[in-house]
Amino acid sequence: MRNSVSINLRKNEIIIKLNEEAEQKEIVAKLKKKLPDLKKLYQDEKTPIKVVGKVLKNKEIDEIQDLIKSTIDVEISFESPKGLGLHNIRKTFERKIAVSETKFHRGSLRSGQKLETEGSLVILGDVNSGAEVVASDNIVVLGALRGLAHAGAKGNKQAIVSAGLFDAVQIRIANIVKEINRDEEPQHKQAYISIVEDRIIIE
């Protein structure tokens, strides 16, 4: 049986490593068994805990954090980035995009609107200039994409962007940004955008 959770004691912190293949309920069950023994080692100390090893969704991070806090009241950090966006990328994760959760948004996004989601995002409408869509995996716009799209926002370089009409001035996938020069890149109908050899390619 695989070890879904391993605990390593270091001088200034305690590392809880999660198996990348383990399911959340398996991790939670193992933590419930291991945390009481870990607490016995603490006494009056406040050694921080760092959780590493698996890309977690926000709700999974919250569940694990609450579980640890309920047993040991110490500072907890996660190597997996909790927020979306370029500024929150702490490590590049490459995951298969075929197993992504998908959210559908009906209607167009106007200038000034921003939509963020875990997993993939399908927009049943347009993303107008000045609007922004951010997803940890893929972004599909059935209408026109004129605003900013940032796919793979947690570092997933396997993510793609697809649009019925691509007319944006900038596109982002993971930590790679491409500025669009209209003299070089005309409007694309049914654009498929991905990363090839660390470069964003529009097809």
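**View 1. How much of the protein is tucked away.** Out of 203 residues, 45% count as buried in this predicted model. Tracing the chain, you'll pass through 2 helices and 15 strands. The accessible surface adds up to about 11,400 Å², with carbon and sulfur atoms holding 45% of that. Now for the contacts with a separation of 6 or more: 38% of them link residues 24 or more positions apart.

**View 2. The largest nonpolar core.** This core has 28 residues, and the ones touching the most other members are Val133, Leu145, Val161, Phe166, Ile171 and Ile193. Plenty of strands chip in with at least two residues each: S7 (120-124), S8 (132-135), S9, S10 (148-151), S11 (161-166), S12 (170-173), S14 (188-196) and S15 (199-202). There's also a second core, separate from this one, made of 22 residues. Val5, Ile14, Tyr42 and Phe78 are among its members.

**View 3. Zooming in on Ile171.** Leave out residues up to four places away in sequence, and Ile171 still touches a good list of neighbours, including Leu145, Val161, Phe166 and Ile193. Those four names also turn up among the core residues that touch the most other members. Other contacts of Ile171 include Ala149, Ile176, Val177, Ile180 and Ile200. Lys178 is on the contact list of Ile171 too.

**View 4. Strand S9 and its partners.** S9 covers residues 139-145, and 5 of its 7 residues are buried. Look for S7 alongside: the two strands run parallel and are joined by 3 bridges. One pair to pick out here is Ile123 with Val141, its bridge partner in S9. S9 also runs parallel to S11, this time with 5 bridges between them. For that pairing, find Ala144, whose bridge partner in S11 is Leu165.

**View 5. Leu142, out in the open.** Which strand holds Leu142? Leu142 belongs to S9, a strand that is mostly covered. Even so, Leu142 counts as exposed, because its relative accessibility is 54% and the cut-off for exposed is over 50%. As a general point, side chains in a regular strand alternate between the two faces of the sheet.

**View 6. A greasy spot on the surface.** Which residues make the nonpolar surface patch? Phe104, Leu124 and Leu142 do, and the patch comes to about 310 Å². Leu142 is the S9 residue from the previous view.

Notes. Residues numbered from 1 in each chain as written. Predicted model: local features only at pLDDT ≥ 70, side-chain atom pairs only at ≥ 80, totals over all residues. Heavy atoms only, no water. Patch = residues over 30% accessible without salt bridge, like charges linked within 9 Å, V, L, I, M, F, W, Y side chains within 5 Å. Areas by Shrake-Rupley, 256 points an atom, 1.4 Å probe, with all protein chains shown as cover. Salt bridge = Lys/Arg side-chain N within 4 Å of Asp/Glu carboxyl O. Helix = DSSP H or I, 4+ residues; strand = E, 2+ residues; numbered from the N terminus. Buried < 20%, exposed > 50% of the residue type's maximum accessible area, 1.4 Å probe, protein only. Core = buried A, V, L, I, M, F, W, Y, C linked by side-chain atoms within 4.5 Å. Contact = heavy atoms within 4.5 Å. Pairing = 2+ DSSP bridges.
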